Amino acid sequence: MDESVLWNLTYGMYAIGTKQGAEDKGCIVNTVVQITSENPMIAVSMNKNNYTYEVLKQQELFSVSILGEEVDNNVIAELGFSSGRDKQKFQLFETARTKEGLPIVQKGAVGYLTCKVLQMVEAETHVVILARVIDTAHGDSKAPMTYA
């Protein structure tokens, strides 16, 4: 099997935000898929090694910042290449809050979702989180960033 064929699947770039007590936690994911449009539901794939996954197992709510092409490089660096076990990732770039108090990327996002976890389906290395979209807002960016 030539697994390089899978490299042709397209992906976006998304910042997941949640809370653990008073601390903001989050990570970068490349797979967020709309499952339904009526009573909207999404699926998020997340590596089980992410500390954000551990936090989400205990939380009901999370945010999704749909990152735009001009997002600050610190967003990717902090949320994608460091662990929330060791540092406060959201402190090195501008953040805002959803109505529910969840962290979102303030500049360079196409839009935001607030989601409630419905179910988690565990696979070998990743978990698929099924969630209800409970709120949305537009961001200031025009073009979404892709994994490419």
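This passage describes three parts of a predicted model: a set of paired strands, a lysine in strand β2 and a nonpolar surface patch.

Strand β8, which spans residues 109–122, takes part in two antiparallel pairings. With strand β5 (residues 61–67), β8 is joined by 7 bridges, and within this pairing Ser63 has Thr114 of β8 as its bridge partner. With strand β9 (residues 126–138), β8 is joined by 11 bridges, the two strands again running antiparallel, and here Gln119 is partnered by Leu130 of β9. Strands β8 and β9 also form a hairpin, in which 3 residues lie between them.

Lys25 is located in strand β2, which comprises residues 23–29. Because its relative accessible area is 3%, and buried residues are those under 20%, Lys25 is classed as buried. The side chain of Lys25 makes a polar contact of 3.0 Å with the side chain of Glu23. When residues up to four places away in sequence are not counted, the residues touched by Lys25 include Ile16, Gly17, Thr18 and Gln20, together with Tyr51, Thr52 and Val55, and further Gly84, Lys87, Gln88, Phe90 and Pro103.

At the surface, a nonpolar patch is formed by Leu6, Trp7 and Leu9, which together have about 400 Å² of accessible area. Of these residues, Leu6 belongs to the segment before β1 (14–20). The relative accessibility of Leu6 is 48%, and Leu6 is therefore counted as partly exposed, since this value falls between the limits of 20% for buried and 50% for exposed residues.

Conventions:
Residues are numbered from 1 along each chain as its sequence is written. This is a predicted model: local features need pLDDT of at least 70, side-chain atom pairs count only at pLDDT 80 or more; totals for chains, interfaces and linings use all residues. Side-chain values use heavy atoms; hydrogens and water are left out. Patches are made of residues with over 30% relative accessible area and no salt bridge: like charges are joined within 9 Å, nonpolar side chains (Val, Leu, Ile, Met, Phe, Trp, Tyr) within 5 Å. Accessible areas come from the Shrake-Rupley method with a 1.4 Å probe; for residues, only the protein chains shown count as cover. A salt bridge is a side-chain nitrogen of Lys or Arg within 4 Å of a carboxyl oxygen of Asp or Glu. Helices (H or I, at least four residues) and strands (E, at least two) are DSSP runs, numbered from the N terminus. Buried means under 20% relative accessible area, exposed over 50%, partly exposed in between (1.4 Å probe, protein chains only). Two strands pair if DSSP finds at least two bridges between them. A polar contact is a pair of N or O atoms within 3.5 Å; within protein, one must be able to donate a hydrogen and the other to accept it, and residues adjacent in sequence count only if both atoms are side-chain atoms. Contact means heavy atoms within 4.5 Å.
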